[in-house]
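Work through the exercises below with the structure open. Each task is followed by its solution.

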There are 2 protein chains.
Amino acid sequence: MQFTKAEEYGVFGVLYLAEKDSSLVTPLSEISEAQGIPEKFLAKIFQSLSKAGIVRSHRGVRGGFTLSKKANEITIKEILETIQGPYHLMKCVSSMSECDRSEKINGYCALRELLVIAEKQLVDVFEGHTLADLLAWQRANQIPH
Amino acid sequence: MQFTKAEEYGVFGVLYLAEKDSSLVTPLSEISEAQGIPEKFLAKIFQSLSKAGIVRSHRGVRGGFTLSKKANEITIKEILETIQGPYHLMKCVSSMSECDRSEKINGYCALRELLVIAEKQLVDVFEGHTLADLLAWQRANQIPH
DNA sequence: TTCTTCGGCTTTTGTAAACTGCACTAGCAG
DNA sequence: CTGCTAGTGCAGTTTACAAAAGCCGAAGAA
């Protein structure tokens, strides 16, 4: 019932890109160091994000990553699901067949019913917020120097 | 980002008690067999539920468990939290000090902000439903014989 | 007192997250 | 075209925790 490090790192990594000018290509090493994330682990995460079209990779000298869309077009949901796959509170939520219990009580599972509701609430929050929202919050709370 | 087996077993176990007449003392072995749950594992779970005052244990011959409150007075939240402890999507949600990242960005964490919102939605669902609700759903969907 | 069932603690097992390493490839710079 | 840099892809290793099993003791009914 917790977020994985991969998800956490993914959001922070992408958020770091969003903080900068969108034309700036940023290497993994910089993100990794700035955010305190193991570089190879972050590489794996960004590979997924790259394939999903959330970030764009640039190889060669002075290569790195940029966002491939505007920050307000990237929902938190899509970042999380890219990294972890569709999250489900229980396996059976996605497909009834996953539930080894269902036959025993006439094919109906009350807990599943509740989890579907709960999950919907969660997803709505993540779908209803974009990178731009997080960025705005962060800027509003940054201590001015 | 998933429920543990302990939580799942806990809800099904308590729900099984709720299905029966409230005066009936039901031994673990019966619940365990009926629900397909390892008995010793269920014992551990029910120990917590007993301490939390959700179920009441009866030792000795023909002992077992009963609900210690009415089904409509037992929220799903209290079952889940008893078994697993307060669930948090990230450690830092409970207390800022848990966040090793907060200093780096001026003590503010945008992801945390979002998770607090998301968590609130989840908790509301679990707090807003009781065992009686699950029981009612189950009965409404039982295939009549 | 004896059998039954829960109580508490310890240990084992299994699995997935978290992280590491290496060989390879694409691309830019000079 | 040479050489360096940074991402790609896959195959490990380590670690942590969930899940389960085991053992002995305590409480309670017959």
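**Exercise 1.** Find how many residues surround DNA strand D and which are the closest.

Solution. In this predicted model, 24 residues surround DNA strand D. The closest come from both chains: Leu28(A) and Lys40(A), together with Lys5(B), Lys40(B) and Arg59(B). Next, sort the surface by class: it has 9 nonpolar, 8 polar and 7 charged residues.

**Exercise 2.** Determine which parts of DNA strand D face the protein, and give polar contacts to phosphate, sugar and base.

Solution. Start with the atoms of DNA strand D within 4 Å of the protein: 70% of them belong to sugar or phosphate, and the rest to bases. For the phosphate, a polar backbone atom of Leu28(A) is 2.9 Å from one of its oxygens. For the sugar or linking oxygens, take Gly60(A), which has a backbone N or O atom 3.2 Å from one of them. For the bases, Lys40(A) places a polar side-chain atom 2.6 Å from a base oxygen.

Now look at the elements that give two or more residues to this surface. Chain A supplies helix H3 (39-51), strand E1 (55-58) and strand E2 (64-67). Chain B supplies helix H1 (5-19) and helix H3 (39-51).

**Exercise 3.** Work out how chains A and B are related.

Solution. A turn of 180 degrees with a shift of 0.0 Å along the axis lays chain A on chain B with an RMSD of 0.1 Å. The two copies are therefore related as by a two-fold rotation axis. Within chain A, the C-alpha of Met1(A) comes closest to that axis, at 2.1 Å. Finally, compare the contact residues: 100% of those of chain A recur in chain B, so the same surface serves both copies.

Conventions
Residues are numbered from 1 along each chain as its sequence is written. Chains are lettered from A and ligands numbered from 1 in the order in which they are written. This is a predicted model: local features need pLDDT of at least 70, side-chain atom pairs count only at pLDDT 80 or more; totals for chains, interfaces and linings use all residues. Side-chain values use heavy atoms; hydrogens and water are left out. A residue is near a molecule or strand if one of its heavy atoms lies within 4 Å of it. A polar contact is a pair of N or O atoms within 3.5 Å; within protein, one must be able to donate a hydrogen and the other to accept it, and residues adjacent in sequence count only if both atoms are side-chain atoms. Helices (H or I, at least four residues) and strands (E, at least two) are DSSP runs, numbered from the N terminus. Ala, Val, Leu, Ile, Met, Phe, Trp, Tyr, Cys and Pro count as nonpolar, Asp, Glu, Lys and Arg as charged, and the others, Gly among them, as polar. Copies are superposed by least squares on the C-alpha atoms of residues with pLDDT of at least 70 in both. Contact means heavy atoms within 4.5 Å.
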